[in-house]
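Let's take a walk through a protein model together, ring by ring and gap by gap. Have the picture open while you read.

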Amino acid sequence: MEFEEILIKAEDEEITKDEALYLFKETGRYDKVLKLFEIASRVRDDEIGNVFKLDGFIGLTTPCTVDPPCTYCWKSSTINSSGFGPENVLNIDEIVEGARLIEETGISMTEIGGGTTVGDSGEKVIEVVKAVKKATNLNIWVNVGPALSEGTLKELKNLGGVDVTSSFEVNPLNEELFRKVKPGDDLDARKKLANMINDTGLGLNSVLMSGLGETYEDRAEHMFYLKQFENLKYFLCTWFHPVPGTPMANHPPASPLEAAKTAAIARLVFRDIDIHISGYEHIPLWIMAGVNRVVHAGASVHRVRNGQKLPATGAEVKHINDRLDFVNLLPTTVRFITGAGMEVEPDIAEKYRGE
């Protein structure tokens with residue numbers, strides 16, 4: 001197996017799991033990473049075009065009741081664990097207000113984000129989606145963990161323009177690591193949800209987080225586990241950032257370059273789906289790696305954090321009221337995207353030309 005041969009092959013056809021693992025191991029130096037990026041970005045351009053997408057975010061729409069919480073999450077912090085509590089859940093009027101503000105920016109899709117409410121079937125999600133669809137023309141992707149019944153998924157399918165997330169963060173075949181970093185979560189419930197989303201005919205979104213203690217084998221296995229789902233529509237790469245006061249506060253942070261490598265290899269595996277990644281500050285790097293979407297890099301609405309007005313570098317912040325912020329990153333992110341040679345969706349481009 002030769003590095004150059006795999007990349008030549010990858011220009012025209014998807015790579016195998018063994019080839020993905022080989023690329024992870026061989027791209028330890030920047031020179032080989034650049035060659036990987038060249039092919040990944042070319043595959044993106046050939047398969048899905050030159051338009052980089054930016055989504056909205058509305059949250060919190062449901063509280064998280066996972067107990068004990070994930071070891072890397074703010075909810076497990078001894079400093080401030082209240083961010084996913086019921087006091088931070090938006091009401092329907094606030095959600096609709098946020099959705100309208102997001103649509104005014106030219107964004108066409110928004111995430112409806114929330115925590116996993118254990119044992120819930122998703123009645124609040126249906127209420128939220130209906131309200132947003134009545135007030136706007138936004139498409140929606142739902143991300144509330146395994147708290148959705150089959151009936152709820154069928155109703156979301158009937159509403160149209162809705163995709164649903166089942167995140168694993170770590171390799172779903174590595175049960176030991178899953179239990180270590182997500183001790184209160186339910187792996188079987190997440191697997192069941194992924195299957196139900198796929199079987200219902202909804203677009204499936206799923207998440208891999210780099211840097212939680214996984215191996216390269218785990219990352220490759222994770223990607224190819226998701227290959228079984230014919231309706232996989234989005235693959236989201238996040239990367240670990242230590243949160244003070246959590247059990248993983250002293251765990252080393254993931255490198256942005258490592259996250260970009262993961263996204264680039266995912267592009268060679270999945271080819272024509274949306275590859276998301278987190279971290280708007282690194283958009284030029286993500287573009288080089290074959291990514292075509294960045295989570296939380298458009299516009300968002302959420303509670304004011306820690307009782308303070310939310311600072312965000314390069315953002316336009318509108319304080320809707322004492323408890324609610326609307327944060328618009330488009331003036332910065334559009335400039336980053338167009339400066340790297342990609343386009344944004346036409347309605348966004350009309351308002352933010354990146355000049």
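## A buried serine, some rings and a cavity

Start with S210: its relative accessibility is 0%, so S210 counts as buried. Keep in mind that what you're looking at is a predicted model. You'll find S210 in strand β5. Who does it touch? Setting aside neighbours within four places in sequence, S210 is in contact with R219, T238, W239, F240, A254, A259 and T262.

Now for the aromatic rings. How many aromatic pairs does the count come to? The count comes to 5 aromatic pairs. One of them joins F168 and Y225, and this pair is edge-to-face. Here it is beside another pair that involves Y225:

| Pair | Centre to centre | Angle between planes | Type |
|---|---|---|---|
| F168 and Y225 | 5.7 Å | 85° | edge-to-face |
| Y225 and F229 | 5.9 Å | 70° | edge-to-face |

Why do the rings of Y225 and F229 count as edge-to-face? Their planes are at 70°, and planes over 60 degrees apart get that label, so the pair is edge-to-face.

The pair of F168 and Y225 links distant parts of the chain, with the two positions 57 residues apart. F168 lies in the loop between β4 (162-165) and α7 (175-181), while Y225 belongs to helix α9 (residues 216-226).

Are these rings buried or exposed? Both F168 and Y225 are buried. The cut-off for buried is under 20% relative accessible area, so Y225 at 12% makes it. F229 has a relative accessibility of 4%, so F229 counts as buried too. Put the ring pairs together and F168, Y225 and F229 are linked into a cluster.

Elsewhere, a charge meets a ring. The charged end of K32 sits over the ring of F3, at 5.0 Å from the ring's centre.

Finally, look for empty space. Searching the whole structure turns up 1 cavity of 30 Å³ or more, and the largest cavity has a volume of about 30 Å³. Which residues line the largest cavity? They are E169, V170, N171, L208, M209, E214, D218, R219 and H222. Sorted by character, that lining has 3 nonpolar, 2 polar and 4 charged residues.

Two elements, β5 (203-210) and α9, each supply at least two residues of the lining. The most comes from α9, which gives 3 residues. You've met some of these players already: R219, one of the lining residues, is also among the contacts of S210, and α9 is the helix that holds Y225.

How values were computed:
Residues numbered from 1 in each chain as written. Predicted model: local features only at pLDDT ≥ 70, side-chain atom pairs only at ≥ 80, totals over all residues. Heavy atoms only, no water. Phe/Tyr/Trp six-rings, centres within 6.5 Å; stacked < 30°, edge-to-face > 60°. Helix = DSSP H or I, 4+ residues; strand = E, 2+ residues; numbered from the N terminus. Buried < 20%, exposed > 50% of the residue type's maximum accessible area, 1.4 Å probe, protein only. Lys NZ or Arg CZ within 6 Å of the ring centre and 35° of its normal. 1 Å grid on protein atoms, 1.4 Å probe; cavity = no way out; pocket = protein on both sides within 12 Å on 5 of 7 lines; lining within 4 Å. Points joined across faces, edges and corners; volume = space filled by probe spheres on them. Nonpolar A, V, L, I, M, F, W, Y, C, P; charged D, E, K, R; others polar. Contact = heavy atoms within 4.5 Å.
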